Amino acid sequence: MGTLGCIHDMMRRDKENRELRQRNRERMKETRRRMTECRHTEIPPTLSVEKLEEIQKQTQEKEQADQSRAFKIKLILGLVILVLLLLCGLLL
């Protein structure tokens with residue numbers, strides 16, 4: 001009697017899992033369909049040409065500032081390492 005109960009329980013769980021997998025597939029298909037339907041344009045139609053040019057200019061300025069800041073940090077770090085190596089060389 002105990003074995004039949006285990007088998008019945010296992011069969012019930014398999015059936016529930018099959019139903020859950022099917023539901024998950026349907027949910028995934030629906031999500032994929034919604035994602036492919038909502039394709040946004042790169043430039044919103046409310047942006048004027050002047051505003052777009054200003055955004056591009058600001059972006060370029062920001063990138064240049066970031067590059068110069070990164071260069072300064074690398075330079076300072078390199079100098080600190082060089083000084084530490086020189087100090088270690090003098091101490092030995």
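In the predicted model, D9 and R13 lie four residues apart in helix 1, which spans residues 2-37, and are therefore separated by about one helical turn. Across this spacing the two side chains meet in a salt bridge, with an N to O distance of 3.3 Å. Both partners retain some accessibility, D9 being partly exposed with a relative accessible area of 26% and R13 being partly exposed at 42%. The pair also belongs to a network of salt bridges in which D9, R13, R12 and E16 are linked.

Further along helix 1, E30 takes part in a salt bridge with R33, the closest N and O atoms being 2.3 Å apart, and in another with R34, for which the N to O distance is 3.8 Å. R33 is three residues from E30, a separation of about one helical turn, and R34, at four residues from E30, is likewise separated from it by about one helical turn. E30 is partly exposed, with a relative accessible area of 32%, as are R33 at 36% and R34 at 46%. In total, the structure holds seven salt bridges.

With regard to the chain as a whole, two helices and zero strands are present, and 0% of the 92 residues count as buried. The chain exposes about 9,300 Å², of which carbon and sulfur atoms supply 63%. The structure holds zero disulfides; with respect to cysteines, C6 is exposed, with a relative accessible area of 54%, whereas C88 is partly exposed, with a value of 45%.

Note on methods: Residues are numbered from 1 along each chain as its sequence is written. This is a predicted model: local features need pLDDT of at least 70, side-chain atom pairs count only at pLDDT 80 or more; totals for chains, interfaces and linings use all residues. Side-chain values use heavy atoms; hydrogens and water are left out. Buried means under 20% relative accessible area, exposed over 50%, partly exposed in between (1.4 Å probe, protein chains only). Accessible areas come from the Shrake-Rupley method with a 1.4 Å probe; for residues, only the protein chains shown count as cover. A disulfide is a pair of cysteine sulfur atoms within 2.5 Å. A salt bridge is a side-chain nitrogen of Lys or Arg within 4 Å of a carboxyl oxygen of Asp or Glu.
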